[in-house]
Amino acid sequence: MAAATATPLCASTLPPHYSNTSPKSFNHSHFTVAVPRNLFSSSSISSLRQSKTTPLSALPSVSAAATTALNAEQAPSEVSATPSKALPFRVGHGFDLHRLEPGYPLIIGGINIPHEKGCEAHSDGDVLLHCVVDAILGALGLPDIGQIFPDSDPKWKGAASSVFIKEAVRLMHEAGYELGNLDATLILQRPKLSPHKEAIRANLSELLGADPAVVNLKAKTHEKVDSLGENRSIAAHTVVLLMKK
């Protein structure tokens, strides 16, 4: 095996047999050490070569009951929330962005907003609900919405995003948590959301089974900058705090 090149290391992580008295092994101006020829045994090298990462297909998947048409109120039940550690609270962040195209409905938080463009997506393209789902899943340490509800699965074509958020809420309760509070920010140039914010917040609160007092919604333009500011896309950020029951 050829000698390895110098590998950057933090000084606190240097092996005990390295010291600044060995100038050929330690360069204290760059904190690097030369890896010796015999650092790895032949057996450890063999095991490294044979090791494999876990493919995404091996992660927990979700399936809905086979029906001729998707029942928007029937959520999958195979994903199990099993946080590695029972913390008193958990914080999650979600982000989503969709292109705006003519001929699609603009659905935000389950509310159909009048506009000449809508979100192009595999499901109904509800950027806010998708973002909230990812925030809850992230807080629980679970895979993101794209892995649990893949857009390669035809059963989710045109699906109402209420299916996704109800599954996220189920997983949250299964793990022993409840919503502490939620703060979401929508980013779009048009249309103005002021006339629709309360309807969106009320519907989101109902889907979450939460008091509207703990659900906050803000809307921002993008000052006519890039695709968001040119009315070619819409984005959302969400932060959630989950509290142990």
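**A friendly note on the sheet, the pocket and a few backbone details**

1. In this predicted model, a good place to start is aspartate 96, whose bridge partner in strand 10 is alanine 236. Histidine 93 has its own opposite number in strand 10, namely valine 239. Both pairs fit a wider pattern: strand 4 and strand 10 (residues 233-244) run antiparallel and are joined by 11 bridges.

2. Now for the sheet as a whole. What is the order of its strands? The order is 7-4-10-8-9, in an open sheet of five strands with mixed pairing. Strand 7 (117-119) and strand 9 (215-220) are the edge strands, each pairing on one side only. On average, neighbouring strands of this sheet are turned by 20° against each other, with direction ignored. As general background, strands of a sheet pair through backbone hydrogen bonds, in either a parallel or an antiparallel way.

3. At the strand 7 edge, strand 4 and strand 7 pair in the antiparallel sense over three bridges. If you would like a residue pair to look at here, glutamate 101 stands opposite glycine 118 in strand 7.

4. Moving along to strand 8 (residues 177-187), you will find a parallel pairing with strand 9 over six bridges. With strand 10, strand 8 runs antiparallel, and 10 bridges join the two. Alanine 184 is a handy marker for both pairings: this residue stands opposite leucine 217 in strand 9 and opposite threonine 238 in strand 10.

5. Two backbone details deserve a look. The peptide bond from arginine 190 to proline 191 is cis, with omega near -5°, and proline 191 lies in the loop between strand 8 and helix 5 (197-208). Glutamate 223 has a positive phi, near 50°, although the residue is not glycine. Where is glutamate 223 found? Its place is the loop between strand 9 and helix 6 (226-229). For context, most peptide bonds are trans, and most residues other than glycine have a negative phi.

6. On to the pockets. The largest pocket has a volume of about 260 Å³. Its lining consists of 13 residues, and those closest to the pocket centre are His122, Ser123, His130, Phe149 and Asp151. Which elements give two or more residues to this lining? They are strand 4 (89-102) and helix 3 (145-148). By residue type, the lining of the largest pocket divides into six nonpolar, five polar and two charged residues.

7. Finally, the aromatic rings. How many aromatic pairs are counted, taking ring centres within 6.5 Å as the cut-off? The count comes to zero aromatic pairs. A ring does take part in another kind of contact, though: lysine 244 lies over the face of tyrosine 177, at 4.7 Å from the ring centre. Both ends of this contact belong to the sheet, since strand 8 covers residues 177-187 and strand 10 covers residues 233-244.

Technical notes
Residues are numbered from 1 along each chain as its sequence is written. This is a predicted model: local features need pLDDT of at least 70, side-chain atom pairs count only at pLDDT 80 or more; totals for chains, interfaces and linings use all residues. Side-chain values use heavy atoms; hydrogens and water are left out. On a 1 Å grid over the protein atoms alone, a cavity is a set of points where a 1.4 Å probe fits but cannot get out, and a pocket is an open set with protein on both sides within 12 Å along at least five of seven lines; lining residues have an atom within 4 Å of a point. Grid points are joined across faces, edges and corners, and a volume is the space filled by probe spheres set on the points. Helices (H or I, at least four residues) and strands (E, at least two) are DSSP runs, numbered from the N terminus. Ala, Val, Leu, Ile, Met, Phe, Trp, Tyr, Cys and Pro count as nonpolar, Asp, Glu, Lys and Arg as charged, and the others, Gly among them, as polar. Rings of Phe, Tyr and Trp (its six-membered ring) pair if their centres lie within 6.5 Å; planes under 30 degrees apart count as stacked, over 60 as edge-to-face and the rest as tilted. A charge sits over a ring if NZ of Lys or CZ of Arg is within 6 Å of the ring centre and within 35 degrees of the ring normal. Two strands pair if DSSP finds at least two bridges between them. Axes are lines fitted to C-alpha atoms, for helices over the stretch in contact, and angles run from 0 to 180 degrees between N-to-C directions.
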